[in-house]
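Work through the exercises below with the sequence and the structure side by side. Try each task before reading the solution that follows.

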Amino acid sequence: MSWALRLRVNPAALRFEDLKDRWGYCSPAGEVTLALDLVGKDERFQDYVIVHELLHIRVRSHGKRFTALLSAYIPDWRDLEAAMAGPGRNRCEVQRAAVGRKRSAAGDDEGVR
C-alpha cells in the first residue's frame with residue numbers, strides 16, 4: 001500500500017493468486033491482482049510489477065503517458081522487465097506468456113490485459 005499512497009491511487013481490491021500466465025493485472029474496476037510467486041522474486045522486480053499495475057488505475061493503456069509515469073517511479077523498468085521475461089515471454093505486458101497486442105494510430109496500446 002505504500003506504493004498506492006506514493007502514486008495517489010486507491011485500488012478497489014488487492015489480491016494475490018496463483019497466476020500462471022502473468023505477474024499481475026489490473027481490472028477495469030481498479031482491482032489489482034498479483035502473482036503469489038512474485039514474493040520470491042527480486043524486490044526491485046516486485047516494485048516494478050506493483051507500480052505497473054497500480055498505474056493502470058490512472059492510465060489504462062501502455063502509451064506514452066503510462067511509460068513516462070512508470071519511468072519516473074522505476075527508471076530501470078525496461079532492464080527489470082527484460083531480465084524477468086525470459087525466452088518467449090512478452091515483456092511489456094508483465095506477462096509470463098507471449099500475447100500479441102494491437103497498436104492504435106496514436107501509438108497507444110489498445111486495452112490492457
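**Exercise 1: The order of the elements**

From the N terminus onwards, the elements of the chain follow the pattern α-β-β-β-α-α-α. The structure is a predicted model, and the exercises treat it as such.

Task: State how many helices and strands the chain has, and what share of its residues counts as buried.

Solution. Step one is to count the elements, which gives four helices and three strands. Step two is to turn to accessibility, where 43% of the 113 residues of the chain count as buried. Step three concerns contacts between residues with a separation of 6 or more, of which 46% are accounted for by residues 24 or more positions apart.

**Exercise 2: Two helices that cross**

Task: Determine how the axes of helix α2 and helix α4 are oriented towards each other, and which residues make the contact.

Solution. Begin with the axes of helix α2 (residues 43-58) and helix α4 (residues 77-85), which come within 10 Å and cross at roughly 105 degrees. Angles of 65 to 115 degrees count as roughly perpendicular, and α2 and α4 are therefore roughly perpendicular to each other. Next, list the residues of the contact, which are R44, F45 and Y48 on the side of α2 and W77, L80, E81 and M84 on the side of α4. Finally, sort the residues of this contact by character, which yields five nonpolar, no polar and two charged.

**Exercise 3: Aromatic pairs**

Task: Find how many aromatic pairs the whole structure has, and classify the pair of W3 and Y73 by its geometry.

Solution. A search of the whole structure gives four aromatic pairs. In the pair of W3 and Y73, the ring centres are 6.3 Å apart and the planes stand at 85 degrees, an arrangement that is edge-to-face. Locating the partners shows that W3 belongs to helix α1 (residues 2-7) and Y73 to helix α3 (residues 64-73), so that the pair links distant parts of the chain, 70 residues apart. As for accessibility, W3 counts as buried because its relative accessibility is 10%, whereas Y73, with a relative accessible area of 25%, is partly exposed.

Task: Decide how the rings of Y48 and W77 are arranged, and whether each residue is buried or exposed.

Solution. The ring centres of Y48 and W77 lie 6.2 Å apart and their planes are at 15 degrees, so the pair is stacked. This pair also links distant parts of the chain, with Y48 in helix α2 and W77 in helix α4, 29 residues apart. Y48 has a relative accessible area of 1% and is buried, and W77, at 5% relative accessibility, counts as buried as well. A last step places both residues in a wider group, since W23, F45, Y48 and W77 form one aromatic cluster.

**Exercise 4: Salt bridges**

Task: State how many salt bridges the whole structure has, and describe the one between D76 and R44.

Solution. The search of the whole structure finds five salt bridges. In the bridge between D76 and R44, the closest N and O atoms are 3.0 Å apart. D76 lies in the loop between α3 and α4 while R44 lies in helix α2, so this pair ties together parts that are 32 residues apart in sequence. Both partners are partly exposed, D76 at 28% relative accessibility and R44 with a relative accessible area of 33%. Following the shared partners one step further, salt bridges join R44, D47 and D76 into one network.

Task: Describe the salt bridge of D18 with K20, and then that of R22 with D21.

Solution. For D18 and K20, the closest N and O atoms are 3.1 Å apart, and both D18 and K20 are exposed. For R22 and D21, the side chains meet at 3.6 Å, N to O. Here R22 counts as buried at 15% relative accessibility, whereas D21, at 35%, counts as partly exposed.

**Exercise 5: A loop residue**

Task: Locate N10 in the chain, and give the separation between its C-alpha atom and that of R58.

Solution. N10 sits in the loop between α1 and β1 (13-17). With a relative accessible area of 65%, N10 is exposed. Along the chain N10 and R58 are 48 residues apart, and their C-alpha atoms are separated by 9.7 Å.

How values were computed: Residues are numbered from 1 along each chain as its sequence is written. This is a predicted model: local features need pLDDT of at least 70, side-chain atom pairs count only at pLDDT 80 or more; totals for chains, interfaces and linings use all residues. Side-chain values use heavy atoms; hydrogens and water are left out. Axes are lines fitted to C-alpha atoms, for helices over the stretch in contact, and angles run from 0 to 180 degrees between N-to-C directions. Helices (H or I, at least four residues) and strands (E, at least two) are DSSP runs, numbered from the N terminus. Angles under 35 degrees count as roughly parallel, over 145 as roughly antiparallel, 65 to 115 as roughly perpendicular and the rest as oblique. Contact means heavy atoms within 4.5 Å. Ala, Val, Leu, Ile, Met, Phe, Trp, Tyr, Cys and Pro count as nonpolar, Asp, Glu, Lys and Arg as charged, and the others, Gly among them, as polar. Rings of Phe, Tyr and Trp (its six-membered ring) pair if their centres lie within 6.5 Å; planes under 30 degrees apart count as stacked, over 60 as edge-to-face and the rest as tilted. Buried means under 20% relative accessible area, exposed over 50%, partly exposed in between (1.4 Å probe, protein chains only). A salt bridge is a side-chain nitrogen of Lys or Arg within 4 Å of a carboxyl oxygen of Asp or Glu.
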